[in-house]
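Student: I have a model open and would like to test the labels people put on it. Could we go through them one by one?

Tutor: Gladly; here it is.

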Amino acid sequence: IKKIEKINLAKVSDAEKPGSKRAEMHYRVLGEVGGFYLLQLHPLTGRHHQIRAQLGAIGSPICGDRKYGYPRYYEGNAI
């Protein structure tokens, strides 16, 4: 993960890049209802926006998290 301070964002890549840090997380799908998934997450590192960025990178952003790929906002911009 590489932290982009100027826009308060984290970029995920499969390859090491200058300024990036290793980020590792294990997850397990516990259930699904109506296209939403309940996940059990176990981050092994604690990087900037790690959970949000990694879930967005695999195409499963947190509900309401527009910064990392969810298509719409919810009341109060909650995620």
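What follows is a conversation that sets values against definitions.

Student: What kind of model is this?

Tutor: It is a predicted model, so every value below is computed from predicted coordinates.

Student: What is the order of helices and strands along the sequence?

Tutor: The pattern reads β-β-β-β-α, and the protein has 1 helix and 4 strands. The C-alpha atoms fill a box of roughly 40 × 25 × 15 Å along the principal axes.

Student: How much of the protein counts as buried?

Tutor: Of its 79 residues, 18% do. The exposed area is about 5900 Å², with carbon and sulfur atoms supplying 51% of it.

Student: Which residues of helix α1 are buried?

Tutor: In α1, residues 50–57, they are Gln50, Ala53, Gln54 and Leu55. These buried residues pack against β2 (9–11), β3 and β4. As general background, an α-helix has 3.6 residues a turn, so residues three or four places apart point the same way.

Student: Why is glutamine 54 called buried?

Tutor: Its relative accessible area is 15%, and buried means under 20%, so glutamine 54 falls on the buried side. Setting aside neighbours within four places in sequence, glutamine 54 is in contact with Ile1, Val12, Ala23, Glu24 and Met25.

Student: What about the residue just after α1, where phi is positive?

Tutor: That is glycine 59, with a phi of about 80°.

Student: How many salt bridges are there in the whole structure?

Tutor: The search finds 3. In general, side chains of opposite charge can pair when their charged atoms come close.

Student: What makes the pair of aspartate 65 and arginine 52 a salt bridge?

Tutor: The closest N and O atoms of aspartate 65 and arginine 52 are 2.6 Å apart. The definition asks for a side-chain nitrogen of Lys or Arg within 4 Å of a carboxyl oxygen of Asp or Glu, so the pair qualifies.

Student: Why is this pair said to tie parts of the protein together?

Tutor: Because aspartate 65 lies in the segment after α1 and arginine 52 in helix α1, the pair links parts that are 13 residues apart in sequence.

Student: Are these two partners, aspartate 65 and arginine 52, buried or partly exposed?

Tutor: Aspartate 65 has a relative accessible area of 1%; the cut-off for buried is under 20%, so aspartate 65 is buried. Arginine 52 stands at 22%, and partly exposed covers the range between the buried limit of 20% and the exposed limit of 50%, so arginine 52 is partly exposed. Beyond its neighbours within four places in sequence, aspartate 65 is in contact with Arg52, Tyr70 and Ile79.

Student: How do you know that glutamate 5 and lysine 3 form a salt bridge?

Tutor: Their side chains meet at 3.9 Å, N to O. The limit is within 4 Å, so this pair is accepted. Glutamate 5 has a relative accessibility of 60%; exposed means over 50%, so glutamate 5 is exposed. Lysine 3, at 39%, is partly exposed.

Student: And what distance supports the bridge between glutamate 24 and arginine 22?

Tutor: The closest N and O atoms of glutamate 24 and arginine 22 are 3.2 Å apart, which the limit of 4 Å admits, so the pair counts as a salt bridge. Glutamate 24, at 28%, is partly exposed, while arginine 22, at 62%, is exposed.

Student: Which residues make up the nonpolar surface patch?

Tutor: Tyr27, Val29, Tyr37, Leu41 and Ile58 form the patch, with about 500 Å² of accessible area together. Strands β3 (25–33) and β4 (36–43) each supply at least two of the patch residues.

Student: Why does leucine 41 qualify for a patch when it is called partly exposed?

Tutor: Leucine 41, in strand β4, has 31% relative accessibility. Patch members need over 30%, so 31% passes. Exposed would need over 50%, so leucine 41 stays partly exposed.

Student: Why is proline 71 called exposed?

Tutor: Proline 71 has 58% relative accessibility, and the cut-off is over 50%, so the label holds. Proline 71 lies in the segment after α1.

Technical notes: Residues are numbered from 1 along each chain as its sequence is written. This is a predicted model: local features need pLDDT of at least 70, side-chain atom pairs count only at pLDDT 80 or more; totals for chains, interfaces and linings use all residues. Side-chain values use heavy atoms; hydrogens and water are left out. Patches are made of residues with over 30% relative accessible area and no salt bridge: like charges are joined within 9 Å, nonpolar side chains (Val, Leu, Ile, Met, Phe, Trp, Tyr) within 5 Å. Accessible areas come from the Shrake-Rupley method with a 1.4 Å probe; for residues, only the protein chains shown count as cover. Buried means under 20% relative accessible area, exposed over 50%, partly exposed in between (1.4 Å probe, protein chains only). Contact means heavy atoms within 4.5 Å.
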